[in-house]
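Here are my notes from going through the model you sent over. Could you read them with the coordinates open and tell me where you disagree?

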Amino acid sequence: MRDVYIIGTGIHPWMGFSEQVFADFAAVAVDGALKDANIEWQKIQAIMAGIFIYGGNAGHLSGQYLESIFGETGVPVVNVYNACATGSASIRMAYNSVAAGETDTALAFGADVSPKGFLTAKSDNAVQDRDVIRWKMGGMPNPIYWALECRKRMEKYDTTEEDLARVKVLMSEYGSKNPDARFKKAYTMEEVLNSVYVCDPLRLYEICPVSTGAAAVIVTADKELIAKADNPVKINATTMGSAIYGDPTIRISALSCPAVAEAPMLSESYSASRQAYEKAGVGPEDIDVLELPDNSSWHYLVYLETCGFCGEGEADKMLRDGETRIDGKLAVNPSGGFSSHGEALSAQALWQVIECASQLRGRCGERQVENPKVAMAQTYGLMGNSGTTILSV
């Protein structure tokens, strides 16, 4: 397998609901990635496109719609969907295509205009689509699942309301310094603790909303393109994991979970991260920058444990002791995280990879981590989807 590098990245800043066509947002991100890589569109030899699941036929063929803007060159176009880990799947396919020598340069992108309110069922067919059942029988949006797990954590590990609020305060501090973040207000503990409950024990400012955004990454093994790129970043591993039988997590879409744990919590992310460590030849102790999926304050804490950065129940102390700050032992979510961006399904995992690459390239201004060498992006998706990407310079 050949070494593969990221040479270009582009983002359309995250924002609220929009009436604009998703492909317009994608075009902004892809154009930015081409300019960053200093290459022409004709250099792209394969397109791995994240499906915009709420976009109908157009959204399911997002790669072809992007081609209609930049030009149809006859290259392979693959459209992929793995829920919130869709971006992980697209960059993994781009990486594999280049590493295997099938192509020299490939594009991975995602663009999403999420619907207003909570993410909803994608059909009304309860026979074919099990996800419909949880809406019709339980009326359960995603934050209910997160709140149930958070309550279990509070009982088991004495996580406090202050711990949950502390996550938001820290994320908002970073988000206020990120020009691509949707939310740029820095919150105080008092403001977070006085916000309303959405699903007890999670408050309004402790869960992320749905958003609009787009992200694009260009990867290559072409030595000439790598040589002229601005601080190219090596991809050490990009993996996908699925759920393991016996996982005690109350998985979104399901209405039950095993009473006795026979596998790790969030086993899809446990699997993806362990695969990545093995492929990259590094461990959690080698990671300088971590972007994890803080869909809620509970996620921020549990993902530090799931990915092996501390033992079970120890993440709260890491947070309280400042170990996860930008100037701490492990810089966690210097982007401001999902808390400052919100979810844009097909794009969010790529945005996490871009933040990691930008940190390694020294481009992050006020939120720049000092001299990072290895960074890791970790995703989380519906029905046991997860991806991990490890990068280095």
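The points below start with the sheet, go on to one helix and the cysteines, and end with the surface and the salt bridges.

1. First, a caveat: this is a predicted model, and the numbers below are computed from it.

2. The sheet is the place to begin. Ten strands form an open sheet with mixed pairing, in the order 3-2-4-7-1-8-12-11-9-10. At the edges sit strand 3 (77–80) and strand 10 (331–332), each with pairing on one side only.

3. At the strand 3 end, the neighbour is strand 2 (residues 46–50), and the two are parallel, with four bridges between them. If you want a residue to look at, M48 faces V78 of strand 3. Also in strand 2 is A49, which is buried at 0% relative accessibility. The C-alpha of A49 lies 5.0 Å from that of G63, although 14 residues separate the two in sequence.

4. Strand 12 (residues 385–392) deserves a careful look, since I'd use it to orient myself. How many of its residues are buried? Eight of eight are, so the strand is mostly covered. The side chains alternate between the two faces in a regular strand. Here N385, G387, T389 and L391 point one way, while S386, T388, I390 and S392 point the other, and every one of them is buried.

5. Strand 12 has antiparallel partners on both counts I checked. Strand 8 (residues 233–242) is joined to strand 12 by eight bridges, running antiparallel, and strand 11 (residues 374–378) is joined to strand 12 by five, again antiparallel. L391 is a handy landmark: I235 has L391 as its bridge partner, and so does A375. Strands 11 and 12 make a hairpin with six residues between the strands, where M383 adopts a positive phi near 60 degrees.

6. Helix 7 (residues 161–175) looks regular in length. From first C-alpha to last, its 15 residues reach 21 Å, close to the 21 Å expected at 1.5 Å a residue. Its buried residues are D163, L164, A165, V167, K168, L170, M171, S172, Y174 and G175. Note that D163 and K168 are on that buried list.

7. On the cysteines: there are zero disulfides in the structure. C84 is in none, and its nearest cysteine sulfur, that of C208, is 8.3 Å away. Why is C208 unbonded to C84? Because the 8.3 Å between their sulfurs is too far for a bond; a disulfide needs the sulfurs within 2.5 Å. Both residues are under cover: C84 is buried at 10% relative accessibility, and C208 is buried at 8%.

8. On the outside, F118, V196, V198 and L204 make a nonpolar surface patch of about 330 Å². L204 belongs to the loop between strand 6 (202–203) and strand 7 (212–220). With a relative accessible area of 41%, L204 is partly exposed.

9. Now the charges. Side chains of opposite charge can pair when their charged atoms come close. Over the whole structure, a search turns up 19 salt bridges. One of them links K35 and D31, at 3.0 Å from N to O. These two are four residues apart in helix 1 (residues 22–37), so about one helical turn separates them. K35 is exposed at 62% relative accessibility, whereas D31 is partly exposed at 29%.

10. A longer-range case is the salt bridge between R363 and D230, at 2.8 Å from N to O. R363 is in the loop between helix 14 (348–360) and strand 11, and D230 is in the loop between helix 9 (223–228) and strand 8, so this pair ties together parts that are 133 residues apart in sequence. Both partners are partly exposed, R363 at 35% and D230 at 40%. The two also belong to a network in which salt bridges with shared partners join D36, D230, R361 and R363.

11. One more pair to check: D321 and K317 form a salt bridge at 2.5 Å from N to O. D321 is partly exposed, with a relative accessibility of 44%.

How values were computed. Residues numbered from 1 in each chain as written. Predicted model: local features only at pLDDT ≥ 70, side-chain atom pairs only at ≥ 80, totals over all residues. Heavy atoms only, no water. Buried < 20%, exposed > 50% of the residue type's maximum accessible area, 1.4 Å probe, protein only. Patch = residues over 30% accessible without salt bridge, like charges linked within 9 Å, V, L, I, M, F, W, Y side chains within 5 Å. Areas by Shrake-Rupley, 256 points an atom, 1.4 Å probe, with all protein chains shown as cover. Salt bridge = Lys/Arg side-chain N within 4 Å of Asp/Glu carboxyl O. Pairing = 2+ DSSP bridges. Expected span 1.5 Å × (residues − 1).
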